[in-house]
Amino acid sequence: MNDIQYRLPQKRALVTELPGPKSAALTARRRATVAAGVGSSVPVYAADADGGVVVDVDGNSLIDLGSGIAVTSVGASDPAVAEAVREQVGHFTHTCFMVTPYEGYVRVAEELAALTPGDHEKRTVLFNSGAEAVENAIKVARLATGRDAVVAFDHAYHGRTNLTMALTAKSMPYKAHFGPFAPEVYRLPMSYPYRDQDGLTGEQAAQRAISQMEKQIGADSLAAIIIEPIQGEGGFIVPAEGFLPTLVNWARANGVVFIADEVQTGFSRTGAWFACEHEEIVPDIITMAKGMAGGMPLSAITGRAELLDKVHPGGLGGTYGGNPVACAAALAALDSMRKFDLPARAQHIGDTVLPRLRALAAEVEVIGDVRGRGAMLAMEFVKPGTNEPDAELTKAIAAHALAQGVILLTCGTYGNVIRLLPPLVIGDDLLDDALTVIEQIVRSLV
C-alpha cells in the first residue's frame, strides 16, 4: 500500500486511559440528550480518522478494525471522496431526483450495472440505507411475481425497519418488543458449517431448506428468497460450498426472485467486488449500501430490468434517495477501489490474517472456529472442550482490545463472535500490530 498517502500517522498511540476525560464528558452530555436506545460499541468519541486509525477527542490514536461496520473501506477521509463531496456541495446539495434529476444518479446506476454479477440488462434505484434497499427489493419481488411470501434464514440480519425486522432472526436487541411485524415472512435453516451436523454438505443444507419451502409455503406462493452470501451480524457465517447455487437454481426453476443482500459484503470487502462472485451465482436483485460511498449514506438495489421495470412510475423512490452529494462520494469511492485494487487488497488481508488466527485457535481451546473471506473475518469463541458459546469471554476480549487501542466489534446470534473489518487501505504494519494485541489478549484471558 505504498501508493496510498495517509494524512494521519498510521500508528497506535495512547495518551490517556480509555475513555479519556473529554470522551467521558461527552458521554455525560450524551446521556442528557441522546435516547438510551442508541448504543455505541466503544465509549470514545472520534475527532479524526484516516487510513486504518481513528483519533479520539483526547488525542488517542486507535487501530480501526471495524470501519464503521464495513463502511469506510477506502478509509474514513479518502482524499478523492472528500474532494468530490466538496465540489458537489459547492454546486447543490439536493434537488430530489424525483423532481429535478441529475447526472450523478445516472452515473452511479451505470457503474452498478457494470459491476454487479451477470451480463443481463439491469435497472437500479438508489436509497439511503441498507434497510431501505431491502424493503424495496421485497416490494419489487412481490409486485413482479404477484406473490406474497418471502423466505429469510436463521441468523440473518436485514435491518431495523418493520419489514426488515421481520426478516432479521435475532430478537435482542433488534426485534424485542417492537412487533407486530410484517406478515408472510418465513424463516428457514441456514448452512452453518461449524454448527451443522457433521458431514452436511452445502447442497444437502439447501435441499433441507427447499423441502421446507415446498411443504410449508409452496413455490407458487413464494415471491422471493433473500439471503446474505456471508451472514454479517449473525456471525460472519460462510455457508458451505454449493448451498447458494442450489438455492439459486431452485428459485430460477420456480419463478422465485433470488435477492442477495450484499449490504455488508459488497464493494471489495470479501476479496471480490461482490461475495456472490465466489460461487459464481447471479442474483435477480442485489441490495447494496455500507462500503458503497466512502461513508456517505447511500444504498441501492440493482436487478433484472424485467423485474424493476414492472413497477409503476412513482412506486419506487424517496425524498433523499440517491442524494447528489452521496452519489458524488460513491463515484469517487469506486474510483479509489479500482485505483488501489481493493478486491486484491482485501484478499491480501485475508491471506495475512487467517493463518495467524488459525494458529491462535490451534493454541487455545476457546476459539471454536475461524472463518471468513477477504477482509471479512471472524473468530467464534466457545467454552473449552465444547461448542457452547462464550459471550462473556468475547465481550472481555473486545474491552481489553479497546483499552490497548484496538477497536474490535462483536457479533453473532449468541454474541460470541469477534469480527475483523479493517479498512481495506490499512497498512500491513498497523494490521500486524493489531493482530499482535489480539493474540496477547486471548492468551492472557484463557
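## Strands that pair

Two strands pair if DSSP finds at least two bridges between them. Keep that rule in mind for this predicted model. Strand 5 covers residues 149-153, and 3 bridges join it to strand 7. The two strands run parallel. Within this pair, Val151 stands opposite Ile225 of strand 7.

Strand 7 also pairs with strand 8, residues 257-261. Here there are 4 bridges, again in the parallel sense. Ile226 stands opposite Ile259 in strand 8. Between the two strands, the chain passes through a helix: strand 7, helix 8 (residues 243-253) and strand 8 make a right-handed β-α-β unit.

How many residues of strand 7 are buried? The count is 6 of the 6, over residues 222-227, so the strand is largely enclosed by the rest of the structure. One general point helps when you look at a strand. In a regular strand the side chains alternate between the two faces of the sheet.

## Two domains

The domain assignment splits the chain into two parts. Domain 1 is made of residues 21-77 + 341-445, and domain 2 takes 81-340. Their centres, taken over C-alpha atoms, are separated by 25 Å. Across the boundary, 40 residues of domain 1 are in contact with 35 residues of domain 2.

The size of an interface is often given as the accessible area lost when the parts come together. Between domain 1 and domain 2, the buried area is about 3,100 Å². Carbon and sulfur atoms give 57% of that area. Which three residues supply more than any other three of the area that domain 1 buries against domain 2? They are Pro343, Arg373 and Met376, with 24%.

## A buried alanine in helix 10

Ala330 is found in helix 10, residues 324-339. Is Ala330 buried or exposed? Its relative accessibility is 1%, and buried means under 20%, so Ala330 counts as buried.

Now look at what surrounds Ala330. Leaving aside neighbours within four places in sequence, Ala330 is in contact with Val108, Met292, Ala293 and Leu298. Ala84 is 246 residues away from Ala330 along the chain, yet their C-alpha atoms are separated by 9.1 Å.

## Helix 13

Helix 13 has 18 residues, 428-445. How far should these residues span? At 1.5 Å a residue, the expected span is 26 Å; the end C-alpha atoms are 26 Å apart, which agrees. The buried residues of helix 13 are Leu430, Leu431, Ala434, Leu435, Val437, Ile438, Glu439, Ile441 and Val442.

## Backbone details

Two cis peptide bonds lead into prolines. One runs from Leu18 to Pro19, with omega near -5 degrees. Pro19 sits in the segment before helix 1, residues 21-33. Another joins Met172 and Pro173, where omega is about 10 degrees. Pro173 is in the loop between helix 6 (162-167) and strand 6 (185-188).

Where do Phe267 and Ser268 lie? Phe267 is in the loop between strand 8 and strand 9 (285-288), and Ser268 lies in the loop between strand 8 and strand 9 too. Phe267 has a positive phi of about 65 degrees although it is not a glycine. For Ser268, also a residue other than glycine, phi is positive and near 85 degrees. Phe267 counts as buried because its relative accessibility is 0%. Ser268 is buried, with a relative accessible area of 0%.

Conventions: Residues numbered from 1 in each chain as written. Predicted model: local features only at pLDDT ≥ 70, side-chain atom pairs only at ≥ 80, totals over all residues. Heavy atoms only, no water. Expected span 1.5 Å × (residues − 1). Buried < 20%, exposed > 50% of the residue type's maximum accessible area, 1.4 Å probe, protein only. Right-handed = clockwise from strand over helix to strand, strands pointing away. Contact = heavy atoms within 4.5 Å. Domains from an automatic or database assignment. Buried area = accessible area lost by both parts, 1.4 Å probe.
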